[in-house]
Amino acid sequence: MDFQLTADQKALRAAMRDLLAARLDRAALRAAVERPALDRELWRALGEAGFFALRLPEREGGVGLTLADAALVFEEAGRALLPGPLVATHLAAGTEPGAATGESVVTRVDGPLVGWLAEADYVQGDAEGAVALRSVDPLTPLHRTRGTRTYVPEAALLAAAEQVGSASRSTELAVQHARSRAQFGQPIGAFQAVKHLCADMLVRTEVARAAVYAAAVTQDPCEIAGAKLLADEAAVRGARDCLQVHGGMGFTWEAEVHLHLKRAWVRAEQWQSAKEAAEVLAAAL
Amino acid sequence: MDLTCTEEEEAFRSRLRDWLSKALPRLPPRPDPSDWPARRAYDTGWQRMLYDAGYAGLHWPVAAGGRGATPTQHLIYLEETERAGAPYVGANFVGLLHAGPTIAAEGTPEQRARWLPPVLRGDEIWCQGFSEPDAGSDLAALRTRAVRDGDDYVVTGSKIWTSHAEVADWCELLVRTAPIDASVPKHRGITWLALPMDAPGITVRPLRTLAGSAEFAEVFLDEVRVPVAHRVGAENDGWRVTMVTLAFERGTAFVGEVVACRRTLTELAATARRNGAWDDDETRRRLGALNAEFTALWRLTQWNVSASTRGGGAPGVGGSVFKLRYSHARQELYETAARVLGPDALDLGRALILDRLSSLSYTIAAGTSQIQRNIVAERILGLPKGR
Ligand SMILES: Cc1cc2nc3c(=O)[nH]c(=O)nc-3n(C[C@H](O)[C@H](O)[C@H](O)COP(=O)(O)OP(=O)(O)OC[C@H]3O[C@@H](n4cnc5c(N)ncnc54)[C@H](O)[C@@H]3O)c2cc1C
């Protein structure tokens, strides 16, 4: 048993981080917030990098990697707040034309909400009568539908991986701020009230990450539900605590943290809600 | 990321499982929790059975008398013993889980030969004399003094909250060997000693815990002579040795109990199904969430163990992450148990309720949650120390 990243996995993660750093820096993110359309060019770049075809067998033009590898790249997507129906398009690689290469955008009706309906080239499931919401997340347009959940374990797991990436980024942002912002003549991170918020953020993130990685390896539905539950919590509470550590600045549109919080809220309702996950976990006892 | 065990590890698991199924029925009945001598006899008897079967000190290095098992085998051991309902380390806790490993890492060959085999055989048990009335979280403020006199140290002072002190043979004792002086950091003058608990000048006064039993004690030391040869590490270098001890205590000492929590949780779910508590949405979902919690804590353990195997060393501060989350999760488990049991939660005749009371110490003992958060924030996240 060596439950650590392999050298290949580290390289994969680093490549994804570099790609996103180059294409989706702070300026690009702000621009996206002001103009919330899907960046097709970035989508194709993701396709070229194998993001969507990652788990497709090589003979079908895919990369032939595992769900655990996919979890790592989705974690990076979550860190970077990469917008778009990432999970749905990834799942559709191999079934919808152009999904694997990032030529097309695929969304999926899965329960009461569906993201990116108007932008998608393919819509899986029945979106009839869908009504546009004013989405809380400026980077995720949402529609309300009458659809029901078609539970796809991999989807819940990948969304959980994004949540872990987001939780981890919120922790970093909080720690950076706590080290540099001074009040009462010392960095605010020297105050325990702040320090303990940060410590709890890290603990929630580490526990959720272990759960997500393990579930990606075992693919056990119960472990996936646990991973989703813990990752949702780590992302949502992490973003809230990060906002608190930022003080007034955290309450502005300028700071990145509100975007993490809002996206975390959206993902918490997607693929498997906390309630649904808890029921799966209870039934397994 | 690999969670599979090798063939060899699986073979180890099935041999252990086989042995457990034969050994456990031979155990005497569990003693009354308030009868300390009987508890000691039971715990050390179990240790002796493990020793005879070749399972004692599994993860200790071979040079220290252990089996040099891989960390994965150690995890398998914890999983299987807990799953089979084997006794917990109990009175052997300090010796096996932190004093022993500290001596193995920092002791001389003579010290290892003197102290380690009896721990493994279950002949001798240890207690931990770190805390003092005025030095708890601020452990380095301890004042128990040791003055050199020929080949002995003469020790005077007092310790508090010393678990198992009444029945221990040895105590890992922290003493001050250099006077407190404002110009020197207070952790500089500390020394780590092995104190024989039957030495003249020692008085042990049991303290009654909120669970009703005498779990720990006050220990008074009045000019107790301890040979200099009992010092582990150099004089005044005890703080460094202590950090080794604490890393073991926080890093690995509790992981086995996660499996026990999962067993309790399953039993609780069965109770809830029987008594109707299951139909309450919130109770049921809390049970579900706890399932996620303990599964994840076990995965985190595997993650930490794999990381330290690659790093080739003692457990790092990652243990504080685990300890923080685990202690709160376990308390939440008993809160949920109280919900499931309803009025029966007030019946001290139930083992679960005694466990609930014991669990209140988890966020205090071995470093409070507040102290663990400081460690996580300062040593992992690199936040500045407060003034
Ligand atoms: C069941 C049990 C068994 C024990 N067994 C042993 C044993 O065998 N050997 C041994 O040596 N010790 C033992 N202990 C002692 C244990 O290690 C101490 O109780 C613990 O370290 C806390 O110290 P204290 O009790 O003096 O509390 P204090 O240090 O006085 O703390 C009181 C409160 O103040 C908070 N606090 C203190 N300092 C800070 C700070 N810097 N920042 C934020 N909050 C702070 C604490 O978190 C706590 O909430 C045991 C304790 C228990 C409960």
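**Note on the ligand site and helix H7 of chain B**

1. In this predicted model, a polar backbone atom of B:Gln128 lies 2.6 Å from a nitrogen atom of the ligand. B:Gln128 is also listed among the closest residues of the surrounding shell, together with A:Gln192, B:Ser137, B:Trp161 and B:Thr368.

2. Two further polar contacts come from chain B, one of them through the backbone and one through a side chain: an oxygen atom of the ligand is 3.0 Å from a backbone N or O atom of B:Phe130, while an N or O atom in the side chain of B:Ser131 is 2.8 Å from a nitrogen atom of the ligand. The protein buries 66% of the 970 Å² that the ligand exposes when taken alone.

3. The shell consists of 18 residues, and because these residues come from chains A and B, the site is shared between the chains. Within chain B, strand E3 (152–163) and helix H11 (369–380) each contribute at least two residues to the shell.

4. As to the chemical character of the shell, its residues divide into 11 polar and seven nonpolar, with no charged residue among them.

5. A separate point concerns helix H7 of chain B, which covers residues 255–275 and has 21 residues. From its first C-alpha to its last, helix H7 reaches 31 Å, which is close to the 30 Å expected at 1.5 Å a residue. The residue that follows H7(B) is B:Gly276, and the phi of B:Gly276 is positive, near 90°.

Conventions:
Residues are numbered from 1 along each chain as its sequence is written. Chains are lettered from A and ligands numbered from 1 in the order in which they are written. This is a predicted model: local features need pLDDT of at least 70, side-chain atom pairs count only at pLDDT 80 or more; totals for chains, interfaces and linings use all residues. Side-chain values use heavy atoms; hydrogens and water are left out. A residue is near a molecule or strand if one of its heavy atoms lies within 4 Å of it. A polar contact is a pair of N or O atoms within 3.5 Å; within protein, one must be able to donate a hydrogen and the other to accept it, and residues adjacent in sequence count only if both atoms are side-chain atoms. Accessible areas come from the Shrake-Rupley method with a 1.4 Å probe; for residues, only the protein chains shown count as cover. Helices (H or I, at least four residues) and strands (E, at least two) are DSSP runs, numbered from the N terminus. Ala, Val, Leu, Ile, Met, Phe, Trp, Tyr, Cys and Pro count as nonpolar, Asp, Glu, Lys and Arg as charged, and the others, Gly among them, as polar. The expected span of a helix is 1.5 Å times one less than its number of residues.
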